[in-house]
Amino acid sequence: MQVCRTISDGRNTVATFRQAGESVGLVPTMGFLHAGHMELVAAAKARADRVVVTIFVNPTQFGDASDLDSYPRDEKRDLQMLEAAGVDMVLIPEVIDVYPEGDETIVETTRMANMLHGLVRPGHFRGVTTVVARLFNFVQPDLACFGEKDYQQLQIIKRMTRDLAFPIEIIGVPIVREADGLAMSSRNVRLNAEDRAAALIISQSLNAAEALTDKTVESLRETIAHTINSEPRATIHGLDIVQAETLNDISGVLTSPAAIMLSVEFGGVLLLDQRVIQP
Ligand code: AMP
């Protein structure tokens, strides 16, 4: 496994894959890897000859510096996991390399970035699209894998890729969960024991919504809010039910797939979950 710490080193390594006529799959991450990330690696491996993983805690997608500073990191363990999974190259660029001095270029999906979760975290998705566009340029993969857990992010990246005509196939990978149903996240380690136990209410609320026989946007919303509000440790930050592809508002009886997007806070830690409900 090749570990590259500069963009030029990464490009040279990818060039050797290309010279051998091999296809390249990219998995962008912020590190502190878990089984969810490894599922993205497996999805890339199943579809491409070579797998490139990037580890970059992207400062432009964090609203406040303390969240950025407290983001968990463990590069040594990450590299062991990636090596064991048969990853071919890891790119770990420096911030100054990704955002050179005097940098002033951004990429933004103007509508999708400024709705839903983007209203709670202004500038977040602009940071995501700006860094992902750069990573796409550094690596120039044939395909890239993203988790459905970050559902709005996945739809935004699909839209950006289409709009800018990047010749890259975007693969969405279903959420990987802990045995008890909590969506895996690098942030889960920041939960104390009580909040970790209470956080189960998130996936339980989605199960309850999915089990409804009479599924309207209103009945889904009511069921989820009621279930989560029964847990005093939980604070709902976002509960959105939208058309699954456009993220547009919907109401009444479902006529096309709907995405439920949830962000719930436990003791200062914001957890995300999502589910697509068929009509
Ligand atoms: P992050 O390192 O949190 O930026 O995540 C990197 C990628 O892994 C993103 O595409 C996430 O959506 C994806 N991811 C994170 N957690 C999970 C999970 N539990 N299941 C599937 N994909 C995930």
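# A tour from the ligand to the cores and loops

Begin by selecting Phe-32, which lies in the loop between β2 and α2. The model on the screen is a predicted one, and in it Phe-32 counts as buried because its relative accessibility is 18%, a value under the 20% limit used for that word. Display the backbone here as well, since Phe-32 has a positive phi of about 50° although it is not a glycine. Most residues other than glycine have a negative phi.

**The ligand and its shell**

Next, select the ligand together with the residues around it, of which there are 17, and look for His-37, Gly-147, Asp-150, Val-176 and Met-184, the ones that come nearest. Colouring the selection by residue class divides the shell into 9 nonpolar, 6 polar and 2 charged residues. If you colour by secondary structure instead, you will find that β2 (24-29), α2 (35-47) and β5 (143-147) each supply at least two residues of this shell, and that α2 gives the largest share, with 3 residues.

Three polar approaches to the ligand can then be picked out one at a time. In the side chain of His-37, an N or O atom is 2.9 Å from an oxygen atom of the ligand. At Asp-150, a polar side-chain atom lies 2.6 Å from a ligand oxygen. At Val-176 the partner belongs to the backbone, where an N or O atom lies 2.8 Å from a nitrogen atom of the ligand. Switching to a surface view, one can ask how much of the ligand's own accessible area the protein covers: of the 480 Å² that the ligand has on its own, 93% is covered by the protein.

**The nonpolar cores**

Now hide the ligand and select Val-52, Val-132, Phe-136, Val-139, Phe-146 and Ile-170, which are the residues with the most contacts inside the largest nonpolar core, a set of 29 residues. The elements that give two or more residues to this core are α1 (7-19), β2, β4 (89-91), α7 (124-139), β5 and α8 (151-163), and the largest share, 8 residues, comes from α7. Centre the view on Val-139 and, leaving aside its neighbours within four places in sequence, you will see that Val-139 is in contact with Val-14, Val-24, Leu-26, Val-52 and Leu-91. A second core, separate from this one, has 25 residues and includes Ile-202, Leu-206, Leu-239 and Phe-266.

**The loop between β7 and β8**

Move on to Thr-246, in the loop that joins β7 (234-243) and β8 (258-266). With a relative accessibility of 24%, Thr-246 counts as partly exposed. Beyond its neighbours within four places in sequence, Thr-246 is in contact with Arg-111 and Met-112, and a polar atom of the Thr-246 side chain lies 3.1 Å from the backbone nitrogen of Asn-248. For a sense of distance across the model, measure from Thr-246 to Lys-45: the two residues are 201 apart in sequence and 29 Å apart in space, C-alpha to C-alpha.

Then step along to Leu-247, which lies in the loop between β7 and β8. Is Leu-247 buried or exposed? Leu-247 is buried, because its relative accessible area is 0%. Leu-247 also has a positive phi, of about 70°, although it is not a glycine.

**Thr-235, His-117 and Asn-188**

Follow the chain back to Thr-235, in strand β7, which counts as partly exposed at 41% relative accessibility. Apart from its neighbours within four places in sequence, Thr-235 is in contact with Ser-263, Val-264 and Glu-265. The C-alpha atoms of Thr-235 and Leu-270 are separated by 9.2 Å, with their positions 35 residues apart along the chain.

Select His-117 next, in helix α6 (residues 117-120). His-117 is buried, with a relative accessible area of 10%, and, neighbours within four places in sequence aside, His-117 is in contact with Phe-125, Gln-152, Ser-263, Leu-270 and Leu-272.

The last stop is Asn-188, in the loop between β6 (169-173) and α9 (193-198). Here too the side chain can be shown with its surroundings: Asn-188 is buried, at 9% relative accessible area, and, setting aside neighbours within four places in sequence, Asn-188 is in contact with Glu-178, Leu-182, Ala-183 and Leu-271.

Technical notes: Residues are numbered from 1 along each chain as its sequence is written. This is a predicted model: local features need pLDDT of at least 70, side-chain atom pairs count only at pLDDT 80 or more; totals for chains, interfaces and linings use all residues. Side-chain values use heavy atoms; hydrogens and water are left out. A residue is near a molecule or strand if one of its heavy atoms lies within 4 Å of it. A polar contact is a pair of N or O atoms within 3.5 Å; within protein, one must be able to donate a hydrogen and the other to accept it, and residues adjacent in sequence count only if both atoms are side-chain atoms. Accessible areas come from the Shrake-Rupley method with a 1.4 Å probe; for residues, only the protein chains shown count as cover. Helices (H or I, at least four residues) and strands (E, at least two) are DSSP runs, numbered from the N terminus. Ala, Val, Leu, Ile, Met, Phe, Trp, Tyr, Cys and Pro count as nonpolar, Asp, Glu, Lys and Arg as charged, and the others, Gly among them, as polar. A nonpolar core is a set of buried Ala, Val, Leu, Ile, Met, Phe, Trp, Tyr and Cys residues joined through side-chain atoms within 4.5 Å. Buried means under 20% relative accessible area, exposed over 50%, partly exposed in between (1.4 Å probe, protein chains only). Contact means heavy atoms within 4.5 Å.
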